[in-house]
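Hello,

Here is the structure I promised to pass on to you. Please have a look at it first, and then read on for what turned up in it.

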Amino acid sequence: MNSDHSPRSGFTAPAKKQLGQHFLADKHYVEKIVMAVNPKDGDRLVEIGPGQGAITFPLLRRHPRLTVIEFDRDLIVPLTEAAAPLGELTIVHSDVLRVDFTELAAGDKIRLVGNLPYNISSPILFHALDHAPAISDMTFMLQKEVVDRMAAGPGSKVYGRLSVMLQAWCEVTSLFVVPPGAFRPPPKVDSAVARLVPRDPASVGIDDPKRFAEVVKAAFGQRRKTLRNALNGVIDQTQFEAAGVRSDARAEQLDVADFIRLANVPHT
């Protein structure tokens, strides 16, 4: 994409490769993301990794208060100065994996948005899951490959641990693809925007979240093996039968409900 599509406000700063920074620079895709978020009065918006403010400033024009989480110290002052005429920007200078979203929500619910750093996108997603009751929805841009995995169904080559864990706790929707040319510097891969809406915990039906995570991780840890072998020492034959799941199946053949039933079977 050429520079004519760049957002009209913001600032420039060199991207830091070690932080996985690729700054969104195409106004068309900025507007698509803001429209996808569609902030409403009373929303508590929290942006992860505002970078040069490509999404931050358009959001502030639509919504007068915004909290951002930024790890790069060099971006704090430019973000503060550029946001001042637009609205109230609260900057949390921290590694997002150390931020307690539940505490940030302060008894309310927050809406997360962000262009997630490619090198830690999965850990951020799992961190958000830990605080799902405090989150109303998430609109994230990630590598398209990751979004494909997030939204994949049973039988797909990319269906795996990430698919099951996210879909168990959230409704996952892939929204649109963003090409490399929309960023500076351009990444080597396509990106995509996804929406995740946490389910009501009471409707999820998982008795023990830690047990569920253990079963899913073990099942996909050796995905070429049958579940009988992959889950050896975690699930026994009696438990397979009680859950109504074939032990000679492979992990990618099970849907989310199958994994929930397996994890919920009493174990010793």
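**What was found**

Within the sheet, G114 stands opposite F140 in β6. Please keep in mind that this is a predicted model.

That pair is a good place to start, since both residues lead on to further strands. Six bridges join β5 to β6, and these two strands run parallel. On another strand, I48 is placed opposite G114 of β5, and β2 and β5 also pair in the parallel sense, over four bridges. F140, for its part, has A194 in β9 as a bridge partner. The pairing of β6 (residues 135-143) with β9 is antiparallel and covers six bridges.

Now for the whole sheet. It is open, has seven strands and mixed pairing, and follows the order β4-β3-β2-β5-β6-β9-β7. The edges are taken by β4 (88-93) and β7 (170-178); each has a single partner strand, so one side of each is left without a neighbour in the sheet. From one strand to the next, the twist averages 20°.

How many of the residues of β5 are buried? Six of the six are, so β5 is largely enclosed by the rest of the structure. I110, L112 and G114 point one way from the strand, while R111, V113 and N115 point the other way, and all of them are buried.

**Helices**

Two helices that pack on the sheet are worth finding in the viewer. Helix α5 (residues 121-130) packs there and touches β2, β5, β6, β7 and β9. The direction of α5 makes about 175° with that of β6. Helix α3 (residues 76-83) also packs on the sheet, where it touches β3 (65-70) and β4. Its direction makes about 170° with that of β4.

Then there is a helix pair to look at. Two packed helices are described by the angle between their axes and the distance between the axes. For α5 and helix α7 (residues 161-169), the angle is about 30° and the axes are 11 Å apart. Angles under 35 degrees count as roughly parallel, and α5 and α7 are therefore roughly parallel to each other. Their crossing is left-handed. Which residues meet here? From α5 come S122, L125, F126 and L129, and from α7 come R161, L162, M165, L166 and W169. By type, the residues of this contact are seven nonpolar, one polar and one charged.

**Some backbone details**

Most residues other than glycine have a negative phi, and most peptide bonds are trans. With that in mind, here are three places to check.

- N38 is not a glycine, yet has a positive phi of about 50°. N38 lies in the loop between α1 (27-37) and β2 (45-48) and counts as partly exposed, at 32% relative accessibility.
- A106 likewise has a positive phi, near 50°, in a residue other than glycine. A106 sits in the loop between α4 (101-105) and β5 (110-115). Is A106 buried or exposed? With a relative accessible area of 58%, A106 is exposed.
- The peptide bond from R184 to P185 is cis, with omega near -10°. P185 belongs to the loop between β8 (183-184) and β9 (191-198).

Enjoy exploring, and do write back with any questions.

Best wishes

Notes:
Residues numbered from 1 in each chain as written. Predicted model: local features only at pLDDT ≥ 70, side-chain atom pairs only at ≥ 80, totals over all residues. Heavy atoms only, no water. Buried < 20%, exposed > 50% of the residue type's maximum accessible area, 1.4 Å probe, protein only. Pairing = 2+ DSSP bridges. Axes fitted to C-alpha atoms, helices over the stretch in contact; angles between N-to-C directions. Contact = heavy atoms within 4.5 Å. Parallel < 35°, antiparallel > 145°, perpendicular 65-115°, else oblique. Left-handed = near helix turned anticlockwise from the far one by under 90°. Nonpolar A, V, L, I, M, F, W, Y, C, P; charged D, E, K, R; others polar.
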